[in-house]
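Student: I'd like a close look at a single part of this model. Could you pick one strand, walk me through its surroundings, and then point out any backbone or packing details worth a glance?

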Amino acid sequence: MFHLKRIFHSLCYQCSSNLQHKFTNSHSYLLHQFLFRRLKKTESSLSTLFTPNPVKPNAEEAGVGEELTRGISKSDLIKVLNQFCQKREIKLLAESNGLDSYLLQQANNSFRRFCLESESLPTDLHIVINDILMKAANITDIFPFFMRHTRLMFPHLECMDDLKKISDLTFPPSWYPSARSMKRKIIFHAGPTNSGKTYNALERFLTAKSGVYCGPLKLLANEVYKKANERGTPCDLVTGEERKFALGEGNSASHVSCTVEMTSVNVPYEVAVIDEIQLLRDPGRGWAWTRALLGVLAEEIHVCGEEAAIELITALAMTCNENVEVFKYKRLTDLQVETAALVSLDNVQPGDCIVCFSKNDIYSVSRGLEARGHEAAVIYGGLPPGTKLAQAQKFNDPSSSCKLLVATDAIGMGLNFIKRIIFYSLIKPIMNENGEKEMDVISVSQALQIAGRAGRFGTQFDKGSVTTFKSEDLPTLKNLLSNRPELLTKAGLHPTAEQIEMYAYHLPNSTLSNLMNIFESICTVDDSLYFMCNTEDFKFLADMIQHVPLPLRARYVFCCAPINRKMPFICSMFLKFARQYSRNDAITYNWLCRHLGPPFAVPKTITDLVHLECVFDVLDLYLWLSTRFLDLFPAVHQVRALQEELDKTIQEGVTQITKLLEASGITSKHSSSSMEDENEDTLEERLKQKAIKSRGRLTDRLMAEGLLTPSMLNQLKKEWQ
């Protein structure tokens, strides 16, 4: 399939230059016009990314031209410049020198302003213009001087070929020559949740002479780190924020458990385990899985994930001249979709986990359960790791009075006693291709991953069940769970610091955000296998600290920091960290305390809780920066101790979340025993309203407006196939 795609792209490329001669009928002509207009639009939009540099006159040449010839009046100069700009030959010459209409307009304006505002023209230009006025030269003789000026304005004109070479991403396997020199064996453990695929890969990891585990979350990396050391296999922990040594400070163990972004592509191992390999399609973090798969130096690479990734992993391995051995697993426990929705919180049972996709729903459901006398653990993405683990242990403890869990989809860490998953909603914020968040129905893959948490082999809940809260969502859930996840077709890529540094060398006056935009526009990617990951967060941080004087490499590192840009407090502290670094002033523990204000009181309202979560994230940011700039972020041990105290404070707040909601004046929409009083739109109606109000996908809008029916859409798919 992937070979066919490559052949198709190759044929398209070969045919594009002959489109005007090949198309004969009206439909082909329209397609031809569309392709060429799109190409023209792309080139034009690229040009707008290049910021013009100001061109200043050379003071040493002042008056030399007048002494050698004669003075030129402003009116004569304007006439000559007008003739030059209007000359058709000039437009053709400009185009042959890489200037499109946008750049030509910018250059004309700047050149005209330069000539008219300068006290004296450059000597050689003055002489040529004087010759033109004396009828001794042609108006086109100005063009070399115009281009000299333009190249000073737009330095990319002289290095465009170099920029294209730097941003050539067509063959990522070549970036890892050490890995290509090895004979690596790739073993794919494919299967659903609770199938034992990761267990078998980890058993091989633990018995190997050396190994690296690459996980998607800090909690999972920490879990493997603890498990390995408990089993007698010394194992280090490496995440963005910390490093723990099993054999004592500075003594590296032969095994490492790390988050996937921290995977070393320089240290050789016997075995590598890359967990949740299907995340290489993730629009934000996919590049990390691609890098680990192509670059890790391991004799055996065990990848674990969905069957939907097998074809892509096999194709990527083929580009590395490697083979993939596939082991398929089946779920170890039964999973049953119930025939009825929950409808009311009165119907919950011990072992239930209600999955919500927004904090407001978490708050609402938690308060509704407590109003009915139920104790519930609460887990969502913004909580510190310690608080998440404490809530998970509270739910898992058979002797605990807490038998219910309310969580977002971040429920995959050691939660062994979920009997039933209840989807409170099937609508979730997703990131589109432009890096914008929009609301949409969860994917088949997400539905299977979350539903698969119900029931676990070897526990009291060896059979799991799943349902929805709302009756109208149940048919949609059944449809999602009856399908297979969509096949993965592309793996994510991201520009490296070295590539951006080379760009900055050629374009020294461009901002980091601007360099990234230019890179994304120029780069060439084998789009049959790869895609460029979204860099909006990176560019947001780059713009935020653009005015702060930092070396380019340090600026790049700062912009890679994993922070929540929607939280103003976190962003303001990020900016303060950058300013302190730029002054070469150490961010000491005392400095940090002055800005964060410990000791921290137990939160009394939801606002207090959210603020403490932000403070925890700021401390995480400090630790992340300390692993990269230890000399200026030296208070690692003190900050970690402060984090532990703050984690306990947040835990106290979460255990009394209902009181926080009451103090914040947030009411529950579950005060009644039935959901009939909620007066909410059905799933279909909500999706229709979303599609009409937002731009969304074309199919959504057409179906919402009644111009396209599901049967028509299925027919179109069949015809296309």
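Tutor: Happy to: here is a walk around strand 8, followed by a few details from elsewhere in the chain. Please keep in mind that this is a predicted model.

Let's begin with the strand itself. Strand 8 covers residues 297-305, and 8 of its 9 residues are buried. With a cut-off of under 20% relative accessible area for a buried residue, that makes strand 8 a mostly covered element.

Now for its partners. One of them is strand 2, residues 185-190, which pairs with strand 8 in the parallel sense over 6 bridges. To find this pairing in your viewer, start from I187, whose bridge partner in strand 8 is H302. Another partner is strand 7, residues 268-274; strand 7 and strand 8 run parallel and are joined by 6 bridges. Here a handy landmark is Y269, which has A298 as its bridge partner in strand 8. Between strand 7 and strand 8 the chain passes through helix 14, residues 286-295, and this β-α-β crossover is right-handed.

Next, the backbone. As background, most residues other than glycine have a negative phi, and most peptide bonds are trans. Against that, K135 has a positive phi, near 65°. K135 sits in the loop between helix 8 (123-133) and helix 9 (143-153), and with a relative accessible area of 76% K135 is exposed. N321 likewise has a positive phi, near 60°. The loop that holds N321 runs between helix 15 (310-319) and strand 9 (324-328). N321 counts as exposed because its relative accessibility is 76%, and the cut-off for exposed is over 50%.

The peptide bonds offer a detail too: the one from P598 to P599 is cis, with omega near 0°. You will find P599 in the loop between helix 25 (589-596) and helix 26 (606-626).

Finally, the packing. Searching the whole structure turns up 2 cavities of 30 Å³ or more. The largest cavity has a volume of about 60 Å³. Its lining draws on separate stretches of the sequence: F50, T51 and N53 are among the lining residues, as are F154, P155 and H156, and also L507, P508, N509 and S510. By type, the lining of the largest cavity divides into 5 nonpolar and 5 polar residues, with no charged ones.

Technical notes:
Residues numbered from 1 in each chain as written. Predicted model: local features only at pLDDT ≥ 70, side-chain atom pairs only at ≥ 80, totals over all residues. Heavy atoms only, no water. 1 Å grid on protein atoms, 1.4 Å probe; cavity = no way out; pocket = protein on both sides within 12 Å on 5 of 7 lines; lining within 4 Å. Points joined across faces, edges and corners; volume = space filled by probe spheres on them. Nonpolar A, V, L, I, M, F, W, Y, C, P; charged D, E, K, R; others polar. Buried < 20%, exposed > 50% of the residue type's maximum accessible area, 1.4 Å probe, protein only. Helix = DSSP H or I, 4+ residues; strand = E, 2+ residues; numbered from the N terminus. Pairing = 2+ DSSP bridges. Right-handed = clockwise from strand over helix to strand, strands pointing away.
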